Amino acid sequence: MIRLILSVLLILGGIILGLYVGVWWGFIGGIVQVIEAIQHQPISAIDVACGIARFLFAGTIGMIAGIFPVSIGVGILSYGKS
């Protein structure tokens with residue numbers, strides 16, 4: 001029973017972590033970083049480039065962040081079943 005609860009918590013936590021990192025940190029944070037970099041004088045090209053890269057790779061970063069807890073939860077859930 002505890003294994004089931006732990007695995008479900010890991011899977012749900014991984015989904016939430018992936019969404020948070022992908023949407024909030026990557027997507028929205030990338031847009032904000034580009035806007036803030038453009039507003040400063042002189043414009044910092046490296047800040048604009050990092051913000052654009054963060055924006056473009058938001059889905060990949062979110063997937064990578066979420067896949068580890070989800071895979072551990074699935075592994076715990078399927079452990080011992082054969």
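Biologist: Is Ser7 buried or exposed?
Modeller: In this predicted model, Ser7 has a relative accessibility of 0%, so it counts as buried, the cut-off for that being under 20%. Ser7 is found in helix α1.

Biologist: What is Ser7 in contact with, leaving aside its neighbours within four places in sequence?
Modeller: With those neighbours set aside, Ser7 is in contact with Gly73, Ile76 and Leu77. Of these, Gly73 is itself listed among the buried residues of helix α3.

Biologist: And Val70, how far is that from Ser7 in sequence and in space?
Modeller: Val70 and Ser7 are 63 residues apart in sequence, and their C-alpha atoms are 8.3 Å apart in space. Val70 lies in helix α3, and because its relative accessibility is 23%, it counts as partly exposed.

Biologist: Which residues does Val70 contact, again without the sequence neighbours within four places?
Modeller: Val70 is in contact with Leu10, Ile11, Gly14 and Ile15. Two of the residues on the α1 side, Ile11 and Gly14, are among the buried residues of that helix.

Biologist: How do the axes of α1 and α3 cross?
Modeller: The axis of α1, residues 2-39, and the axis of α3, residues 58-78, come within 7 Å of each other and cross at roughly 180°. Since angles over 145 degrees count as roughly antiparallel, α1 is therefore roughly antiparallel to α3.

Biologist: What sort of residues make up that contact?
Modeller: The residues of the contact of α1 with α3 divide into 18 nonpolar, eight polar and one charged, and glycine is counted with the polar ones in that division.

Biologist: Where does α1 bend?
Modeller: Helix α1 bends by about 35° at Gly29, and Gly29 is one of the buried residues of α1. As for its length, the 38 residues of α1 should span 56 Å at 1.5 Å a residue, and the end C-alpha atoms are 52 Å apart, which agrees.

Biologist: And α3, where does that one bend?
Modeller: Helix α3 bends by about 30° at Ile67, with a proline, Pro69, following within four residues. The 21 residues of α3 should span 30 Å at 1.5 Å a residue, and its end C-alpha atoms are 30 Å apart, in agreement with that value.

Biologist: Which residues of α3 are buried, and what covers them?
Modeller: The buried residues in α3 are Ala58, Gly62, Gly66, Pro69 and Gly73, and what covers them includes α1 and α2, the latter being residues 45-56.

Biologist: Same thing for α1, which residues are buried there?
Modeller: In α1 the buried residues are Ser7, Ile11, Gly14, Gly18, Val21, Gly22, Gly26, Gly29, Gly30, Val34 and Ala37, and their cover includes α2 and α3.

Biologist: Take Gly22 from that list; what does it contact beyond four places in sequence?
Modeller: Gly22 is in contact with Phe27, Ala58 and Gly62, of which Ala58 and Gly62 are buried residues of α3. Gly22 has a relative accessible area of 10%, so it is buried, and its C-alpha atom is separated by 9.2 Å from that of Ile64, which is 42 residues away along the chain.

Biologist: Now the other end of α1: what does Ala37 touch, not counting residues up to four places away in sequence?
Modeller: Ala37 touches Ile43, Ser44, Asp47 and Val48. The C-alpha atoms of Ala37 and Val48 are separated by 5.8 Å, the two residues being eleven apart along the chain. With 5% relative accessibility, Ala37 counts as buried.

Biologist: And Glu36, how accessible is that, and how far from Asp47?
Modeller: Glu36, which also lies in helix α1, counts as partly exposed because its relative accessibility is 44%. Glu36 and Asp47 are eleven residues apart in sequence and 8.7 Å apart in space, C-alpha to C-alpha.

Biologist: Changing topic, is the peptide bond from Gln41 to Pro42 cis or trans?
Modeller: That bond, from Gln41 to Pro42, is cis, with omega near -5°, and Pro42 has its place in the loop between α1 and α2. By way of background, most peptide bonds are trans.

Terms used
Residues numbered from 1 in each chain as written. Predicted model: local features only at pLDDT ≥ 70, side-chain atom pairs only at ≥ 80, totals over all residues. Heavy atoms only, no water. Axes fitted to C-alpha atoms, helices over the stretch in contact; angles between N-to-C directions. Parallel < 35°, antiparallel > 145°, perpendicular 65-115°, else oblique. Expected span 1.5 Å × (residues − 1). Bend = angle between axes of the 7 residues up to and from the residue. Buried < 20%, exposed > 50% of the residue type's maximum accessible area, 1.4 Å probe, protein only. Contact = heavy atoms within 4.5 Å.
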